[in-house]
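This report describes selected packing, exposure and ligand features of one protein model. The sequence and structure are shown first.

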Amino acid sequence: MRVVFERPRTLIKKPFTYCPGCHHGLAQRLIAEVIDELDIGAVTIGVGPIGCSVYIYEFLNVDFVVGGHGRAQAVATGIKRALPDRVVFSYQGDGDIGAIGTAEAIHVANRGELITSFFINNAVFGMTGGQMAPTTLLGQKTKTSPLGRDAKVHGFPLRLAEMLKVAEGSAYIARVALTQPHLIKQARECIKKAFLAQIEKKGFSLVEILSPCPTNWGMTPEDAVKWLEEKMIPYFQLGEIKVKEGDFNGAS
Ligand code: SF4
């Protein structure tokens, strides 16, 4: 019998503990599928952040280290430089990579560190209770912007992926969502290309994954998906943002 669907080897056999409707589990499953497909599980090291994203180490059967808040990419850089034959990735939320870790994000991209980052953007700080994040949309109400984000007071939502596009050392940058089957398929392809950019030594790679946080958005899982599609995607447009050919030195 031909197997058409099975649990990825890299996904540990236990139920996800994320809130109902959260897409962390889906994102982590896709990463596990790609690790299996590329057969890199034995050489992969993940770096977790602080925040809901950190629990990835409970679910993926690869080596893991956890960095301080915002420092996952700095830790990943150290690991990759010490162990260049390993495939190293960080998995971070927007509060981690886009607020406290902004400096790390810009500099790893600019230096072209051969690491891959997965960036879960749910437009709030999740684990700490729904405070405004750099990615919070204008008008979006959060615990710390109860009247809605106001550009005059809080600035504009950060498009980190577009910022990192201009960094010379970034090789592959994409933004995806997991709200529809065809988008999940595209996301899996982008995750694969991001790992390949590292393996083929093209430079830094990042996949931003738009994800609902029904708990802190105060919505049902269904309404959260709708809100993501109607409000987040028009601002955080999906697609491949940068695909650099050739190796790190620009040679094709
Ligand atoms: S708080 Fe939000 S990001 Fe964290 S697990 Fe729950 S839904 Fe997901």
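## Loop residues, helix packing and ligand shell

Glu 58 is located in the loop that runs between strand E1 (44–48) and strand E2 (63–66). Helices (H or I, at least four residues) and strands (E, at least two) are DSSP runs, numbered from the N terminus. The model is predicted, so that local features need pLDDT of at least 70 and side-chain atom pairs count only at pLDDT 80 or more, whereas totals for chains, interfaces and linings use all residues. Residues are numbered from 1 along each chain as its sequence is written, and side-chain values use heavy atoms, with hydrogens and water left out.

Glu 58 has a relative accessibility of 28% and therefore counts as partly exposed; buried means under 20% relative accessible area, exposed over 50%, and partly exposed in between (1.4 Å probe, protein chains only). When neighbours within four places in sequence are left aside, Glu 58 is in contact with Ile 12 and Lys 14, where contact means heavy atoms within 4.5 Å. The C-alpha atoms of Glu 58 and Ile 12 are separated by 7.7 Å, although the two residues are 46 residues apart along the chain.

Lys 13 belongs to the segment before H1. Its relative accessibility of 76% is why Lys 13 counts as exposed. Between the C-alpha atoms of Lys 13 and Leu 60, which are 47 residues apart along the chain, the separation is 9.3 Å.

Two non-glycine residues with positive phi are set out below.

| Residue | Phi | Location | Relative accessible area |
|---|---|---|---|
| Asp 39 | about 55° | loop between H1 and E1 | 62%, exposed |
| Lys 201 | about 60° | loop between H7 and strand E8 (204–210) | 47%, partly exposed |

Turning to helix packing, helix H1 (residues 24–38) and helix H7 (residues 181–199) pack at an angle of about 50°, and their axes lie 9 Å apart. Axes are lines fitted to C-alpha atoms, for helices over the stretch in contact, and angles run from 0 to 180 degrees between N-to-C directions. H1 is therefore oblique to H7; angles under 35 degrees count as roughly parallel, over 145 as roughly antiparallel, 65 to 115 as roughly perpendicular and the rest as oblique. On the H1 side, the contact includes Leu 26, Leu 30, Ile 31 and Val 34, while H7 contributes residues including Ile 184, Ala 187, Ile 191 and Phe 195. By class, this contact of H1 with H7 comprises 12 nonpolar, no polar and four charged residues. Ala, Val, Leu, Ile, Met, Phe, Trp, Tyr, Cys and Pro count as nonpolar, Asp, Glu, Lys and Arg as charged, and the others, Gly among them, as polar.

A second helix pair consists of helix H2 (residues 72–82) and helix H4 (residues 102–111), which pack at an angle of about 30° with axes 9 Å apart. Here Gln 73, Ala 74, Thr 77 and Arg 81 of H2 meet Glu 104, Ala 105, Val 108 and Arg 111 of H4. The contact of H2 with H4 has three nonpolar, two polar and three charged residues.

Which residues surround the ligand? They are Tyr 18, Cys 19, Cys 22, His 24, Cys 52, Asn 122, Gly 126, Cys 213, Pro 214, Thr 215 and Asn 216, each having a heavy atom within 4 Å of the ligand. Helix H8 (residues 214–217) supplies the largest share of this shell, three residues. The shell around the ligand has six nonpolar, five polar and no charged residues.
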